[in-house]
Amino acid sequence: MPLFACLALSLLPPVGGSLPVSPAITTEPPVPQSAPAAPRIAVVNTQAFGELINEYRQQVVTLQTEFRPTLDTLQRLGAEIQAEEDALQRLADQLTPDVRLKRTEDLERKKKDFKRRQEDLNEAAEKRASILLNPVREKISKALEAYAKERGIHILLDIATAAEAGGLVYLAPGMDITEDFAARYNQANPATKPAASR
């Protein structure tokens, strides 16, 4: 799921009302009416924020550090399960039915334990990520809106979302504001000390 969905800013003034009716006979040429300016469109790659925005990257590192021991334990358990499966296949003909059944049951118990631990890890990581990352995401979203308004950008699209949907065909040079926005955000929001562990 992308960090941000499409951010479309409706900054154009409403266009409406009727055109003045020219009199049937006139002595002055009609004043030409200018066409409304085309909306200015820019794109941003929100997936790059994890690398480019220091405050966001710092929170991601904090999250990874907190869950590293649990993840390492799960990886070891996964490797043990894979080794046991390989051994059972390799030795299938050499094992007695009782031994093969016992080892298969043990393996199934390990797989269930692995799956339960994996689900617990995912749930805990999602909760902690929302605590660490959502405040930064909200700041970034508000900063993006202010950035777009300051630069007269009417529509700001997320490249990551468009690319995933297969809707990105062509991007003219200069339309991507990701790096400029990230640099300005970092300047205005210097990263602080990492958040304390839970």
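Arginine 184 has a relative accessible area of 44%, so this residue is partly exposed. In this predicted model, its side chain meets that of aspartate 180 in a salt bridge, with 3.1 Å from N to O. Both residues lie in helix α5, which covers residues 178-188, and because they are 4 residues apart there, about one helical turn separates them. Aspartate 180 is also partly exposed, at 33% relative accessibility.

Helix α3, which spans residues 97-150, holds a pair with this spacing: lysine 102 and aspartate 106 are 4 residues apart, and therefore about one helical turn separates them. The two form a salt bridge whose closest N and O atoms are 3.1 Å apart. Aspartate 106 counts as partly exposed, with a relative accessibility of 25%.

Further along in numbering, aspartate 113 and arginine 117 are joined by a salt bridge between their side chains, at 3.3 Å from N to O. They too belong to helix α3, and since they are 4 residues apart, the separation is about one helical turn. Aspartate 113 has 21% relative accessibility; buried would require under 20%, so the residue counts as partly exposed. Arginine 117 is partly exposed as well, at 35% relative accessible area.

This last pair does not stand alone: a network of salt bridges links Asp113, Arg116, Arg117 and Asp120. In general, side chains of opposite charge can pair when their charged atoms come close. Over the whole structure, a search finds 15 salt bridges, among them the pair of lysine 102 and aspartate 106 and the pair of aspartate 180 and arginine 184.

Note on methods
Residues are numbered from 1 along each chain as its sequence is written. This is a predicted model: local features need pLDDT of at least 70, side-chain atom pairs count only at pLDDT 80 or more; totals for chains, interfaces and linings use all residues. Side-chain values use heavy atoms; hydrogens and water are left out. A salt bridge is a side-chain nitrogen of Lys or Arg within 4 Å of a carboxyl oxygen of Asp or Glu. Helices (H or I, at least four residues) and strands (E, at least two) are DSSP runs, numbered from the N terminus. Buried means under 20% relative accessible area, exposed over 50%, partly exposed in between (1.4 Å probe, protein chains only).
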